[in-house]
Amino acid sequence: MVPNITYHIMFICTFVYTKYILVEVHTDNNWLWWKHGVIYHIYPRSFSDSNGDGIGDIRGIISKLDYLSNLGIDGIWLSPVYPSPMVDFGYDIANYQQIDPVFGTLTDFRELLDAAHSKRIRVIMDLVMNHTSEKHPWFTESRSSRDNPKRDWYIWKKGKRGNTPNNWKTVFGGSVWEYDHKTQEYYLHTFFKEQADLNWHNEDLKRTFFNGIKFWLDMGVDGFRVDVINLISKDTHFRDNPIPFGIPLLQKLRYNSNMPESYNIARELRSLLDDYSERMCVAEVYSVPPGDSAVAASYLDKGHNAMNMAFDFSLMLRGWSARKYFHSIRKWYSLIPESGWACNVLSNHDLHRNFDRFWYRRNKIEKARVSAMLLLTLKGTPFLYYGDEIGMRNARLKRKEILDPLGKLFWPFFKGRDKGRSPMQWTHEEHGGFSDCKPWLPVNDDYPELNVRSQERDKGSLFNFYRTLIALRKRYKALSKGEWSPLIRGKNGILVYLREFELEKLMVILNFSSRRKKVELPGNSTGKIVFSTHRVQEDEFFSEMMIAEPFEATLIEFPEAA
Ligand code: NOJ
C-alpha cells in the first residue's frame, strides 16, 4: 500500500497537473477545436430521414456521421430540433429542454452526441433567445392575465391613443405589436406573431433561461449558434424608430437592436460557456441593410469579446467580383479585435444556395470551385452549408409547394427561403436517397446525376475538391492558424494572398474571371503546386509571373520561408 504522505503528495501533484497544466492546454486560445476546425451546418429537416416520414431526423444524422467524418468535418451545427409548432420551422421553440418528436427523442440526441464525439465531431445547437413560440407554456401563462407572475417574461404594453405602442416593424413586415383581446394589451414580436419576444430585463426569465442552457452544456453539447443576438434587448422607453424620408421600409432599428443589454447578455452567455471546457458560441447578427460587418464584429468587441465568433454575411451578399470580395474580406478582418476570431460563410438556411446565386449566372461549377478554395483558405473558421459540397442548386418550387410563411406571404415577389432547404441528394435512387417516401419539400430533380454517391466516386467532383481542401487545411497550420496577407487585391479579377505560420508559407491564387490573365507576382522564389483546378500537383512554380487560366484556383507552397 502507498504510504499516506506519498499518496497525498501524488494527489496534490495530479491535481495541480490536471488543473493547471491540462487546463492550460485546453484553454490555449490558438488550438481550440472551433478555431482550427471546419463546421458543417445541417438543416435537420432536410438532411436524412431515418423513419420514413419524409422529414429528416436525428437518427438520420447519426447515419451520416461517417460521411461527415470522411469529408473532414470537425463540428456540426444543427438548426433547431426542439419541440415547435414549426410556424418558422423550429425557430419558434415551445420547450428548450426537449427534442421535437419529428426529429426523435432526447435519447436519440444523446446518442448523436456520443457517436459524433467518438468520431471527433463536435455538436453545436441553435439557441433562440430573442423569442419563444406563442405555444411555449411560459407565454401561455404570461398571456393568461396581467398579474400572472410570468407576465413580465414577455414584452407587454398598452396601446397609445388607440394605436400600437410605437412604430417598430417586424423583420418580416408589419407592426411588431399584436393585440391580445383577453388582457387588452399588445405583446411584442420581432418576427412572426407566433414568436413572442422575451423580456431580457426580467431577472427570473434570465435565470431560468440560463439554467436551460446548462442542461445542454452538462449533457456535453459543444456550443451554440445564437439566433439574432443583437435584437434581444429593446429600448426601455420604447421610443419610435427613425424613418428616413418617411419611407417605412427604410425604418432604422435604432431602439430595438444593439441595445447595451444585448451586449451584456452576450457577455453573460460567454462567461457561462467559459465555465465549461472548450465550448463556443457564434452569433447571428441582423442588420438593415443586411451584412453589416461592423455590427457583427461589435459582438466580439463591445461585450469584451463576448461571442467567440460572429457571422459576417457580406461575402454571401457580394456580386461575383474579386475586388468586392477582397474589400469585404479586408474590412471584416480589420474589424476583428486582437483577441477575436473570424469565421467565414457562403450560404445558410435563410439565403439562396451559394452555387446558384442569381448573379453568378454562367460558369457556376467553376465559380463554386473558386469560392470553395476561398472559403477554405481564408483566415477564420469555415462554415459549410449542407449540400454546398456537392453543388446543390436552389429548389425551383411551384407556388403550392412553398412552405415558408414568408414565401406564401410575398409570392411572387419573394418566394421565401425554401429554395435553399431542399432535401440532401445522397444517391440517384428515388427521393435522392433522402427518404423512403415523399419528402416534406421536393428533392431537386437533378438528383439522379447530382448526388453524394456519384461524386464520392468521381475524383474530379466538387465533393472531392472540398474534401481535399479540408484535408489541406488540416495538414497546413498556415491555413488554419496563419496570418493572411493580400498580394493582389482583386485587380483585374485576380485575388492573391499569402497564408503564413512559422516556417510554412502558402500562396492562394484565384482568378474570378472567365479570361486568361497575366499575373505579376511580387517576389521570385520557387514553390510547388499543392492543389489546383488547372495545374498538376507537385509541379514547380516560379513566382514572378504566371498566366492564370479562366476561373483558376491554385494553392502553392513555398519551401521554408526562413
Ligand atoms: C434567424 C434565423 O436564421 C431565421 O431562420 C429565423 O426565421 C429568424 N432568426 C427568427 O428566429
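Here are four short exercises on this predicted model, each with a worked solution.

Residues are numbered from 1 along each chain as its sequence is written. Local features need pLDDT of at least 70, side-chain atom pairs count only at pLDDT 80 or more, totals for chains, interfaces and linings use all residues, and side-chain values use heavy atoms, with hydrogens and water left out.

**Exercise 1: the core**

Find which residues touch the most other members of the largest nonpolar core.

Step 1. Get the term straight: a nonpolar core is a set of buried Ala, Val, Leu, Ile, Met, Phe, Trp, Tyr and Cys residues joined through side-chain atoms within 4.5 Å. Buried means under 20% relative accessible area, exposed over 50%, and partly exposed in between (1.4 Å probe, protein chains only).

Step 2. The largest core has 151 residues, and Tyr40 and Phe109 touch the most other members.

Step 3. Now zoom in on Phe109. Skipping neighbours within four places in sequence, its contacts (heavy atoms within 4.5 Å) include Ile58, Leu78, Trp216 and Met219.

Step 4. There's also a second, separate core of 14 residues, with Ile509 and Phe558 among them.

**Exercise 2: the cysteines**

Work out how many disulfides there are.

Step 1. The rule asks for a pair of cysteine sulfur atoms within 2.5 Å.

Step 2. Try Cys343, which is buried at 0% relative accessibility. Its closest cysteine sulfur, in Cys281, is 11 Å away, so that's too far for a bond.

Step 3. The count by this rule is zero.

**Exercise 3: the ligand**

Find which side chains have an N or O atom close to an oxygen atom of the ligand, and at what distance.

Step 1. List the residues around the ligand (a heavy atom within 4 Å): among them are Asp88, His131, Glu284, Arg417 and Arg421.

Step 2. Check the distances to a ligand oxygen: 3.0 Å for an N or O atom in the His131 side chain, 3.4 Å for one in Glu284, and 2.9 Å for a polar side-chain atom of Arg417.

Step 3. The protein covers 97% of the 300 Å² of accessible area (Shrake-Rupley method, 1.4 Å probe) that the ligand has on its own.

**Exercise 4: positive phi**

Decide whether Met86 and Arg120 are buried or exposed.

Step 1. Neither is glycine, yet phi is near 65° in Met86 and near 60° in Arg120.

Step 2. Met86 is buried, at 14% relative accessible area.

Step 3. Arg120 is exposed, at 71%.

How values were computed
A polar contact is a pair of N or O atoms within 3.5 Å; within protein, one must be able to donate a hydrogen and the other to accept it, and residues adjacent in sequence count only if both atoms are side-chain atoms.
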